[in-house]
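Please look over the sequence and the model below before reading on. The briefing that follows takes up a hairpin, then the strands, the pockets and the chain as a whole.

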Amino acid sequence: MREFSMFNHFDELDQESKYLAHKAKDAANHAHAPYSKFTVGAALILEDGTVVTGANYENAAYPSGMCAERVALFAAAAQHPERRIMKIAIVAKKKGGKDLVPATSCGPCRQVMLEFEMNQKKPITIVMQADDTSWVVAPSAQSLLPFSFTRNNLDSHHKK
Ligand code: THU
């Protein structure tokens, strides 16, 4: 497993990651986050260069909302089922705030990323803001979820 890459400043990221982070920032402007006032954007790039974005959409019945990452991942799969997902960038802003704040994907989003990367047999690179200034590039969803639960667990159960 490749290591996480840490960058002390946004400018140190590779061009593609910066491009996706900018797209994610634009998408965050479309978030519907009246309850948390925490707007998140995600932008992913497919193997052919197509970019698909998502934003978090909350609901008065709180659990009905959805994170930006899963909005983007499910939209990409629904629209381009045959294309692999290469990289996803996630950014967040406080409503009304100008600066980005850290948003290191939640467990369920990591779990969803993991199933995508297993299905496509190719890791997804994940770009996230780690703290006030630094950024992390994770080589795969698997690297963010040690001892994860996957369909292999279900299959091994059935084979018994
Ligand atoms: N959220 C995301 O969209 N992605 C993350 O990585 C963290 C959390 C959303 C969910 C909810 O709408 C708001 O941020 C506060 O948790």
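## A hairpin and its surroundings

In the hairpin formed by S2 and S3, where four residues lie between the strands, Gly-49 takes a positive phi near 95 degrees. The model is a predicted one, and the values given here were computed from it. The points below begin with the strands of this hairpin and then move outwards to the other topics.

**Strand S2 and its partners**

- Strand S2, which covers residues 38-46, is mostly covered, since eight of its nine residues are buried.
- S2 pairs with strand S3 (residues 51-55) in the antiparallel sense, and five bridges connect the two; within this pairing, Ile-45 has Val-51 in S3 as its bridge partner.
- S2 also runs antiparallel to S4, to which it is joined by nine bridges, and in this pairing Leu-46 stands opposite Ile-85 in S4.

**Strand S6 and its partners**

- Strand S6, made up of residues 125-129, is mostly covered as well, with five of its five residues buried.
- In a regular strand, the side chains alternate between the two faces of the sheet.
- Both faces of S6 are covered, for Thr-125, Val-127 and Gln-129 are buried on one side, while Ile-126 and Met-128 are buried on the other.
- Strand S4, residues 85-94, pairs with S6 in the parallel sense over four bridges, and Ile-88 is the residue that stands opposite Ile-126 in S6.
- S6 pairs with strand S7 (residues 135-138) too, here in the antiparallel sense and over four bridges; Met-128 has Val-136 in S7 as its bridge partner.
- The connection from S6 to S7 is a hairpin, which joins the two strands through five residues.

**The largest pocket**

- The largest pocket holds about 230 Å³ of space.
- Its lining is made up of His-9, Phe-10, Asp-11, Lys-25, Lys-98, Asp-99, Leu-100, Gln-129, Asp-132, Thr-133 and Trp-135, so that Gln-129, one of the buried residues of S6, is also one of the residues that line this pocket.
- Sorted by class, the lining of the largest pocket has five charged, three polar and three nonpolar residues.

**The second largest pocket**

- The second largest pocket holds about 190 Å³ of space, and 15 residues line it, of which Val-40, Asn-56, Cys-67, Ala-68 and Glu-69 lie nearest its centre.
- The elements that give two or more residues to the lining of the second largest pocket are S2 and helix H2 (68-79), and H2 gives the most, with three residues.
- Sorted by class, the lining of the second largest pocket has eight nonpolar, four polar and three charged residues.

**The chain as a whole**

- The protein chain has four helices and seven strands, and from the N terminus on, its elements follow the order β-α-β-β-α-β-β-α-β-β-α.
- The radius of gyration of the protein chain is 16 Å, which is close to the 15 Å that the globule rule gives for 160 residues, so the chain is as compact as a globular protein of that length.
- Along its principal axes, the C-alpha trace of the protein chain spans about 55 × 40 × 30 Å.
- Of the 160 residues in the protein chain, 43% are buried.
- Among the contacts in the protein chain with a separation of 6 or more, 64% are accounted for by residues 24 or more positions apart.

Notes. Residues numbered from 1 in each chain as written. Predicted model: local features only at pLDDT ≥ 70, side-chain atom pairs only at ≥ 80, totals over all residues. Heavy atoms only, no water. Buried < 20%, exposed > 50% of the residue type's maximum accessible area, 1.4 Å probe, protein only. Pairing = 2+ DSSP bridges. 1 Å grid on protein atoms, 1.4 Å probe; cavity = no way out; pocket = protein on both sides within 12 Å on 5 of 7 lines; lining within 4 Å. Points joined across faces, edges and corners; volume = space filled by probe spheres on them. Nonpolar A, V, L, I, M, F, W, Y, C, P; charged D, E, K, R; others polar. Rg over C-alpha atoms; globule rule 2.2 N^0.38 Å. Contact = heavy atoms within 4.5 Å.
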